[in-house]
Amino acid sequence: MFLVTKLRKSFLMRVCLTLAVVSLLWLHVGVFIYRGAEIDFEHRFNSSSVLLNHPNFSNIELAKPTNLTVPELMEKITIENNEQKILNSNHIPWPPVNETEIWPKGIVITIQVHNRISYLRKLLRSLSQAAWIERALLIFSHNIYSEELNDIIQSIPFAAVMQIHFPYSTQLFPSTFPGDSPSDCPRDINKERAVAVGCSNAQTPDLYGHYREARYSQTKHHWWWKVNFIFGKIRALRHYDGPVIFMEEDHYVAEDFLHVLWLQQILLKGGSKCNFCNQAHILSLGSYPKYFNHREASNMVELLPWSSSKHNMGMAFNRSVWQNFQKCSDMFCSVDDYNWDWSLLHVAQKCLPSLFGEPANEKGKSKFILGALVLKAPRVFHIGECGVHHRKASCASDTSTLRKAETSLRSARKAETLFPTTLRTKNMLGTKAVRLKKGNGGWGDPRDRELCLSLTVID
């Protein structure tokens with residue numbers, strides 16, 4: 001009897017296990033069928049507004065968004081963007097009241113922030129160790145409002161700090177444009193099917209036949225809004241004519257990055273007997289070399305054509321350069337590319353030449369080149385191995401790029417080659433051409449183009 005009972009239990013367990021497996025398989029089949037079937041508009045409404053959902057992000061600490069309601073958050077962001085408070089102004093006034101040899105009028109660094117706290121902490125640690133950081137105004141531009149992020153940023157003791165907030169984020173518009181609307185077309189549906197089911201943007205796929213995704217288009221909107229706001233709306237910068245350095249939360253800096261930028265600035269203004277450096281428009285602190293060699297190359301800089309894929313990190317430009325970019329807002333906002341840097345490359349090669357009286361010929365070539373002074377040994381590093389464009393197998397915050405950068409910097413410290421007194425220059429402007437490719441898509445929806453243009457602030 002005991003054996004029969006045991007067998008019955010074993011049989012029942014097997015039956016239950018079989019049913020569970022069958023149910024699981026059916027669930028996967030159901031999901032597969034769902035993805036290819038009629039459009040379910042509700043999946044847009046219920047999708048997460050968090051940009052990063054990589055399965056290995058358990059190794060990356062993400063900031064928790066606020067629990068405020070959308071109306072409460074909208075009001076709070078509007079107030080803070082209008083107030084433009086500068087933190088630490090009591091003991092670190094900005095603009096600086098005492099002039100120094102380096103950055104006598106101060107320097108502005110803006111950091112675009114999403115929610116990756118692990119990377120942000122590493123960036124802040126590196127900034128805290130940088131020479132002349134007390135001369136900086138750090139402007140953090142957010143697309144997620146988070147008390148966790150506020151606590152970290154508002155506790156920075158080493159520089160003046162300001163926080164601004166992108167007012168058209170998916171957090172503020174979770175179920176309507178510029179977020180994802182329930183009536184929007186899914187990314188991969190073909191146009192014929194989209195028209196048949198009547199989703200709202202069926203007529204305007206991008207150049208690859210895909211439909212917009214708010215989590216990607218938000219990045220370009222945020223960047224364009226941020227630069228317009230900094231140069232056009234921040235009262236403390238009304239008379240500032242120095243460079244603004246553009247960084248992101250997953251960057252990391254060498255301790256002499258502000259020192260080296262000052263040397264680049266001198267070259268740009270025609271100092272140090274460089275007769276071609278004034279052809280530069282952008283100062284580039286970061287690049288993506290295969291190997292770092294700060295021991296041998298820490299004092300080398302090249303004048304190169306600005307490249308969106310190589311010189312988009314830790315780049316700096318001033319108000320006059322920005323005003324030229326701004327005159328090309330129509331092109332920036334209309335090119336079918338959700339990347340701000342690739343859009344800027346289209347501006348550089350198709351719009352700026354006409355502003356400088358050198359229109360492109362039939363082959364799209366022009367004598368005008370958007371020049372950049374680029375360090376051979378970068379002082380800004382991209383340590384984020386998981387993000388908008390990156391999906392590595394491991395998303396640990398102690399990244400391979402960070403380890404390589406620190407190894408190279410340690411070698412340079414021992415050799416005492418950081419903080420060079422001058423920079424060795426090389427003119428490569430006419431020897432390397434940057435090929436302009438068609439856009440990467442993601443920007444076919446006219447609503448994105450209209451919003452982008454509306455964010456333009458004319459001085």
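## Close-ups of a predicted model

**View 1. Strand 1, a covered strand.** In this predicted model, strand 1 spans residues 107-113 and is mostly covered, with seven of its seven residues buried. Its side chains split into two sets: Ile-107, Ile-109, Ile-111 and Val-113 point one way, while Val-108, Thr-110 and Gln-112 point the other way. Both sets are buried. So the polar pair Thr-110 and Gln-112 counts as buried too, given that buried means under 20% relative accessible area.

**View 2. Strand 1 and its two partners.** On one pairing, strand 1 runs parallel to strand 2 (residues 136-142), and seven bridges join them. Look for Val-108 here, which stands opposite Leu-137 of strand 2. To get from strand 1 to strand 2, the chain passes through helix 4 (residues 117-128), and this β-α-β crossover is right-handed. Strand 1 also pairs with strand 4 (residues 244-248), again in parallel, through five bridges. Here Ile-111 has Met-247 as its bridge partner in strand 4.

**View 3. The open sheet, edge to edge.** Where does strand 1 fit in the wider order of strands? The sheet is open, has nine strands with mixed pairing, and reads 3-2-1-4-8-6-9-7-11, which puts strand 1 between strands 2 and 4. Strand 3 (160-165) and strand 11 (424-427) stand at the edges; each has a single partner strand, so one side of each is left without a neighbour in the sheet. Ignoring direction, neighbouring strands are turned by 25 degrees against each other on average. Helix 7 packs on this sheet and touches strands 1, 2, 3, 4 and 8, the last of these being residues 315-317. The direction of helix 7 makes about 155 degrees with that of strand 1.

**View 4. Helix 7 against helix 10.** Helix 7 covers residues 214-232 and helix 10 covers residues 319-327; their axes come within 11 Å and cross at roughly 130 degrees. That angle makes helix 7 oblique to helix 10. The crossing is left-handed. On the helix 7 side, the contact is made by Trp-224, Val-227, Asn-228 and Phe-231. Helix 10 brings Arg-319, Trp-322, Phe-325 and Gln-326 to the contact.

**View 5. Helix 7 against helix 15.** What angle does helix 7 make with helix 15? The two pack at about 15 degrees, with their axes 9 Å apart; helix 15 is residues 446-454. Helix 7 and helix 15 are therefore roughly parallel to each other, and their crossing is right-handed. Ser-217, His-221 and Trp-224 of helix 7 meet Asp-448, Leu-451 and Cys-452 of helix 15. Trp-224 is worth a second look, as this residue appears both here and in the contact with helix 10.

**View 6. Tyr-119, tucked into helix 4.** Tyr-119 sits in helix 4, the helix on the path from strand 1 to strand 2. Buried or exposed? Tyr-119 is buried, with a relative accessible area of 0%. Ile-60 is 59 residues away along the chain, yet the C-alpha atoms of Ile-60 and Tyr-119 are separated by 8.1 Å.

**View 7. Ser-287 in a loop.** This serine is found between strand 6 (280-284) and helix 9 (294-297). Although Ser-287 belongs to a loop, it is buried, with a relative accessible area of 14%. Which residues does Ser-287 contact, leaving aside neighbours within four places in sequence? The list is Lys-310, Met-313, Val-374, Leu-375, Pro-378 and Val-380.

**View 8. The loop between helix 3 and strand 1.** Several backbone details turn up in this loop. Pro-95 lies here, after helix 3 (70-83), and a cis peptide bond joins Trp-94 to Pro-95, with omega about 0 degrees. Asn-88 lies in this loop too; its phi is positive, about 70 degrees, although it is not a glycine. Asn-88 counts as buried at 18% relative accessibility. Trp-103 is another resident of the loop, with a positive phi of about 50 degrees although it is not a glycine. Trp-103 is buried, at 3% relative accessible area.

**View 9. A cis peptide bond at Pro-178.** Phe-177 and Pro-178 are joined by a cis peptide bond, with omega about 10 degrees. Pro-178 is in the loop between strand 3 and helix 6 (191-197).

Key: Residues numbered from 1 in each chain as written. Predicted model: local features only at pLDDT ≥ 70, side-chain atom pairs only at ≥ 80, totals over all residues. Heavy atoms only, no water. Buried < 20%, exposed > 50% of the residue type's maximum accessible area, 1.4 Å probe, protein only. Helix = DSSP H or I, 4+ residues; strand = E, 2+ residues; numbered from the N terminus. Pairing = 2+ DSSP bridges. Right-handed = clockwise from strand over helix to strand, strands pointing away. Axes fitted to C-alpha atoms, helices over the stretch in contact; angles between N-to-C directions. Parallel < 35°, antiparallel > 145°, perpendicular 65-115°, else oblique. Left-handed = near helix turned anticlockwise from the far one by under 90°. Contact = heavy atoms within 4.5 Å.
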